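I opened the model to look up how its parts fit together. These are my notes, in the order I made them.

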Amino acid sequence: MDAIKHLQGAVRLATVSHSDPYQTDWSVFREFGEFLAEAYPLIHEKLELQRINDFGLLYRWPGSSEEKPLILAAHYDVVAATDEDWEHPPFSGHDDGERIWGRGTLDDKGSLIAILEAANSLLEAEYVPPYDIYFAFGFDEEVGGELGAQEIAKYLLKNKIHCRYILDEGGAVTEGKSMGVEPDLAVIGIAEKGNNSFRFLFHGEEGHSSIPPKSSAVGKMAAFIHDVENKPPKLRMTEAVEVTLKALAPFKSKAEAFVMRNPGLFSPILKKVLLKNKQTAAMLRTTVAFTMTEAGSGHNVLPRTASCVANIRILQGDTVEGILAYLRSLGHDFEIAEEIMVNEATAISDVKGEGMQHIKDTIARIYPDTVALPYLMVGGTDSRYYDKVSDNAYCFLPNKLSGKELDTVHGRGEYISHENFFKMIEFYSDFMLNLR
Ligand SMILES: [Zn+2]
């Protein structure tokens, strides 16, 4: 089967991205582009391909009208993996007859190949979409997407190409049990928190530890961290969480459903329940997580400075500036020494819009008896960069995944079942064929 061979070929190219671009082996990324050209000659004949920043691949499939185009996005970089504890090595693309093994099969080469397989069959059938479809393939999503997706979005902006919506990776079809409901849920991301990292610097007196001052740089830093962890940013129910609750309501008991349909009224109860789970708790507030600290060079020397890095995920309604002002208001004496990453929260996409409806309709055909569930993504995808060039962004990976399978993403033993892979091709074919 060609589709399987193509996915295997894609997985075997170890396109591992690194935060430091000098550590990345770019020759493999070049090979990946060449591999696609060889695997899909018809696509490369009929679609225009623009290489953005060398490795970003932006395909334009010309449609029959000048109406606003849409974007299907995926990324072909992967996180690193060693052979340890993998049943089949991560870059083997091994096919055991039921599953294709390897890094990227789920995140996100599986989707990229499925999109191209679907387009290839539609081209063979001489299908012309009603308007332009872009395939936007980033190459550094796992490390922030600044070289890939961000540059592709800039190119679209510069060329005044504005899209109706983008469909990118994100939620999947999962068992409803995790949300306490019977049917399977097709979880569609409609907004992303803003992902930020700052380094906070604290000053102290240098000197010998035998004659310490009243407060040290390390002590000041520790007090700050302790304070922030005990006084996190305010809880808030956003529209993105309200639509999730409303979508789940029909599957709950009468009393629960009533509460979920009226989140404004019952916000104190709902907050209490949602706070019990780390995942849902993160949807209720801007979170601050301290991830790195640095101070000192000797066990008996007082350091002049101490610093810590906080990863801050901004909730819709908050701003980066507002949260920094909040942290300053706690009264600790720090400087912001480094802005490692700065991103505001994205807008919340229209849950009643044309794009959402089309995704839902496609889900209903390919995954019948599944309930579409819009939700706020606490993790990030490339799609956030398309805010300015697209009316809406939806994040959905058309795969049915068990909890165990979800754990293999960025973990050990990642694979995609044949069934999932072919369903995904079917999903994208149906999606593109039935555009209105
Ligand atoms: Zn991904």
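How many residues of domain 1 are in contact with how many residues of domain 2? I found 19 residues on the domain 1 side and 15 on the domain 2 side. I note that the model is predicted.

**Entry: the domains.** I looked up the bounds next. The domain assignment gives residues 2-191 and 347-433 to domain 1, and residues 205-341 to domain 2. Their centres, taken over C-alpha atoms, are 31 Å apart.

**Entry: the interface.** I looked up the area that the two domains bury between them, and it is about 1,500 Å², with 75% on carbon and sulfur atoms. On the domain 1 side, I348, L376 and V378 lose the most area, together 39% of what that side buries. I then checked for charged and polar pairs. The rule finds 0 salt bridges across this interface, and 3 residue pairs in polar contact. The elements giving two or more residues to the domain 1 side are β7 (184-192) and β14 (370-377). The largest share, 6 residues, comes from β14.

**Entry: a sheet.** I followed an open sheet of 4 antiparallel strands, in the order β10-β12-β8-β13. β10 (287-295) and β13 (335-341) each have a single partner strand, so one side of each is left without a neighbour in the sheet. Neighbouring strands are turned by 25° against each other on average, direction ignored. I looked closer at one pair: β10 and β12 (305-314) are joined over 8 bridges, and V288 stands opposite I312 in β12.

**Entry: a helix on the sheet.** I found helix α11 (320-329) lying across β8 (194-203), β12 and β13. The helix runs at about 30° to β8.

Definitions and conventions: Residues are numbered from 1 along each chain as its sequence is written. This is a predicted model: local features need pLDDT of at least 70, side-chain atom pairs count only at pLDDT 80 or more; totals for chains, interfaces and linings use all residues. Side-chain values use heavy atoms; hydrogens and water are left out. Two strands pair if DSSP finds at least two bridges between them. Axes are lines fitted to C-alpha atoms, for helices over the stretch in contact, and angles run from 0 to 180 degrees between N-to-C directions. Contact means heavy atoms within 4.5 Å. Domain bounds come from an automatic or database domain assignment. Buried area is the accessible area (1.4 Å probe) that two parts lose on being put together, summed over both. A salt bridge is a side-chain nitrogen of Lys or Arg within 4 Å of a carboxyl oxygen of Asp or Glu. A polar contact is a pair of N or O atoms within 3.5 Å; within protein, one must be able to donate a hydrogen and the other to accept it, and residues adjacent in sequence count only if both atoms are side-chain atoms.
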